[in-house]
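Trainee: I would be grateful for a close look at one part of this model, namely the largest nonpolar core. Which residues touch the most other members of that core?

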Amino acid sequence: MIKRIAGAGLMLLSAHASADSPASFMVRYAQAAGVAVTALSPARGEALYRGEHPGKNGTAQSCASCHTASPKQAGQTRVGKRIEPLAPAANPQRFTDAAKVEKWFRRNCTDVLARECSAQEKGDFIAWLNQLK
Amino acid sequence: MNYVLRGIGVLATVGTLSLLAFSLPSGGEARGDGGGDDLMPRLTHNNWQQECASCHLAYSPALLPQSSWRRVMGGLEQHFGENASLDPATQADILRFLEANAADSGRSRIGDKVMQRMDKKAAPLRITETRWFVKQHDEVSRATWARKSVGSAANCAACHRQAEKGIFDEDTVRIPK
């Protein structure tokens, strides 16, 4: 009995892990925003990435401040640690783990935009990154 | 008769004590720091390594007291100017680990040294503010700290090239230009 429950749990876990992909996140965020996946906009996603906002010490900041102008390149945290590329084309690990994706949107949107990002924004963002070759 | 009994007693006591002494691992190993003065305790902890090290080196818990770690982990929404918030379960798990191995946990030689130089009531937020850190780095000039290649005193690995492995001895130091 216990074995069967544990087995079912494992299957659920692995099914869950393998289900997450950039495309599945786009579907999820589009649904949460109440729009069709096809209504997600790579152009708005790119604008979000490059948009500059007042930073802590008077300098402008954007996603690109740490992730560099090209999300296919590795970036750097403020204390110099490497950040693996954001674009799935350069880093297949991206957008494969829901907890991680939500954690970093929560942290980085509040840091850069001083607010959380909407589901629409998250969907647009991934739509842009996912079509980079 | 009496002497014989006493003799047996003494032998038994000495025997037990020496057995105890030999069965305990030598100081360094027992405390997980491998014995070297500049070695960080060798520790593994999934959440600590995953979460803390996604932005910076997973700084050794032995470099700050428990009171400091409670302050750090209680303020992750504003972690040195960045939002480093975690879900409550992960946060609590990491704090337990940090407290268990903190400078004042008595579990590492390097922690003892950090505490020797610290005010009892102090709970610094930055490792770089501890007297131990300042003393260890007193030969590094302000100009060197300010180099772009160093970036920040939080960037241990800029000079301690094997910092990620917990190796901080002077032989492995290369200050970048």
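Mentor: In this predicted model, the largest nonpolar core holds 20 residues, and the ones that touch the most other members are B:A62, B:W69, B:A102, B:A103 and B:V114. Three helices of chain B, namely α4, α5 and α6 (109-116), each give two or more residues to this core. A separate core of 14 residues lies apart from it, with A:M26, A:L40, A:F95 and A:W128 among its members.

B:W69 merits particular attention. Leaving aside residues up to four places away in sequence, B:W69 touches B:P61, B:L64, B:L95, B:L98, B:E99 and B:A102. B:W69 belongs to helix α4 of chain B, which spans residues 66-73, and is buried there together with B:S68 and B:V72. Viewed down the axis of α4(B), the buried residues fall within an arc of 95 degrees, so they line one face of the helix. The partner against which these buried residues pack is α5 of chain B, residues 88-100. The contacts of B:W69 with B:L95, B:L98 and B:E99 belong to this picture, given that α5 covers residues 88-100.

The confidence of the prediction should be read alongside this description. The pLDDT of chain B averages 84, and 79% of its residues score at least 70. Over residues 13-35 of chain B, however, the pLDDT is below 50, although this stretch has 25 contacts in the model beyond near neighbours in sequence. For the model as a whole, the scores are ipTM 0.81 and pTM 0.80.

Chain A supplies the setting in which the other core is found. Six helices and four strands make up its secondary structure elements, and their order along the sequence is α-α-α-β-β-α-β-β-α-α. Chain A has 133 residues, of which 22% count as buried. Among contacts in chain A with a separation of 6 or more, 51% come from residues 24 or more positions apart.

Finally, the two chains meet: nine residues of chain A are in contact with 12 residues of chain B. On the chain A side, the residues that touch chain B comprise five charged, three polar and one nonpolar. To return to the request, the core in question draws two or more residues from each of α4, α5 and α6 of chain B, and B:W69 is one of the residues that touch the most other members.

Notes:
Residues are numbered from 1 along each chain as its sequence is written. Chains are lettered from A and ligands numbered from 1 in the order in which they are written. This is a predicted model: local features need pLDDT of at least 70, side-chain atom pairs count only at pLDDT 80 or more; totals for chains, interfaces and linings use all residues. Two residues are in contact if their C-beta atoms, placed from the backbone, lie within 7 Å. Ala, Val, Leu, Ile, Met, Phe, Trp, Tyr, Cys and Pro count as nonpolar, Asp, Glu, Lys and Arg as charged, and the others, Gly among them, as polar. A residue is buried if 20 or more other C-beta atoms lie within 10 Å of its own, exposed if 12 or fewer, and partly exposed in between; C-beta atoms are placed from the backbone. The arc is that of the directions from the helix axis to the C-beta atoms. pLDDT is the predictor's confidence in each residue, from 0 to 100. A nonpolar core is a set of buried Ala, Val, Leu, Ile, Met, Phe, Trp, Tyr and Cys residues joined through C-beta atoms within 7 Å.
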